[in-house]
Amino acid sequence: MEWEIIRVLYREMTYRRLKANPQLSADWEKFSKAFKRGGSLKRTLLSQSILYSLFGLILFPPLLLHEAL
């Protein structure tokens, strides 16, 4: 039940953000394509997790090489 609420709220926020973009709101085809790409909560969380993990590996490599913390 909670995940359904989160999913609906996320899609609504994505819709409002895209609707506020004048370049996308003028062309319905671009808008629907961007909404399909940006409306997936799983895809967004997965991509953000991967990017933040890579950023952490680049920023903190000495923590991985240090043997005794």
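Tutor: Helices, as the word is used here, are DSSP runs of H or I with at least four residues, while strands are runs of E with at least two, and both are numbered from the N terminus. The structure is a predicted model, in which local features need pLDDT of at least 70 and side-chain atom pairs count only at pLDDT 80 or more, whereas totals for chains, interfaces and linings use all residues. Residues are numbered from 1 along each chain as its sequence is written, and side-chain values use heavy atoms, with hydrogens and water left out.

Student: In which helix is the confidence highest?

Tutor: Confidence is given as pLDDT, the predictor's value for each residue on a scale from 0 to 100. The protein has a mean of 80, with 94% of its residues at 70 or more. The lowest mean, 74, belongs to helix α5 (residues 61-65), and the highest, 86, to residues 41-59, which make up helix α4.

Student: Which residue forms a salt bridge with Glu 4?

Tutor: A salt bridge requires a side-chain nitrogen of Lys or Arg within 4 Å of a carboxyl oxygen of Asp or Glu, and the structure holds two of them. In helix α1 (residues 2-20), Glu 4 and its partner Arg 7 are about one helical turn from each other because they are three residues apart. With the closest N and O atoms 2.7 Å apart, the residue that forms the salt bridge with Glu 4 is Arg 7.

Student: Are Glu 4 and Arg 7 buried or exposed, or in between?

Tutor: Buried means under 20% relative accessible area and exposed means over 50%, with partly exposed in between, using a 1.4 Å probe and protein chains only. Glu 4 has 41% relative accessibility, so it falls in the middle class. Arg 7, at 40%, likewise counts as partly exposed.

Student: What is the N to O distance in the salt bridge of Glu 12 and Arg 16?

Tutor: Glu 12 and Arg 16 both belong to helix α1, where they lie four residues apart, about one turn of the helix. Glu 12 is partly exposed at 35% relative accessibility, whereas Arg 16 is exposed at 58%. Their side chains meet in a salt bridge in which the distance from N to O is 2.8 Å.

Student: With which side chain does that of Thr 44 make a polar contact?

Tutor: Thr 44 is found in helix α4 and is buried, having a relative accessible area of 18%. Contact means heavy atoms within 4.5 Å, and, leaving aside residues up to four places away in sequence, Thr 44 touches Tyr 10 and Gly 38. A polar contact is narrower, being a pair of N or O atoms within 3.5 Å of which, within protein, one must be able to donate a hydrogen and the other to accept it, and residues adjacent in sequence count only if both atoms are side-chain atoms. At 2.8 Å, the side chain that meets this requirement with that of Thr 44 is Tyr 10.

Student: How far is the backbone oxygen of Tyr 10 from a polar atom of the side chain of Thr 14?

Tutor: Thr 14 is in helix α1 and counts as buried, at 3% relative accessibility. A polar atom of its side chain is separated from the backbone oxygen of Tyr 10 by 2.9 Å.

Student: Which residues does Gly 38 touch, apart from those up to four places away in sequence?

Tutor: Gly 38 is part of helix α3 (residues 28-38) and is buried, with 16% relative accessibility. Beyond residues up to four places away, Gly 38 touches Tyr 10, Thr 14 and Thr 44.

Student: Which helix supplies the largest share of the nonpolar patch?

Tutor: Patches consist of residues with over 30% relative accessible area and no salt bridge, where like charges are joined within 9 Å and nonpolar side chains (Val, Leu, Ile, Met, Phe, Trp, Tyr) within 5 Å. This one is formed by Leu 46, Ile 50, Leu 51, Leu 54, Leu 57, Leu 64 and Leu 65, which together have about 760 Å² of accessible area, with areas obtained by the Shrake-Rupley method using a 1.4 Å probe and, for residues, only the protein chains shown as cover. Leu 64, in helix α5, is exposed at 60%. The largest share, five residues, comes from α4.
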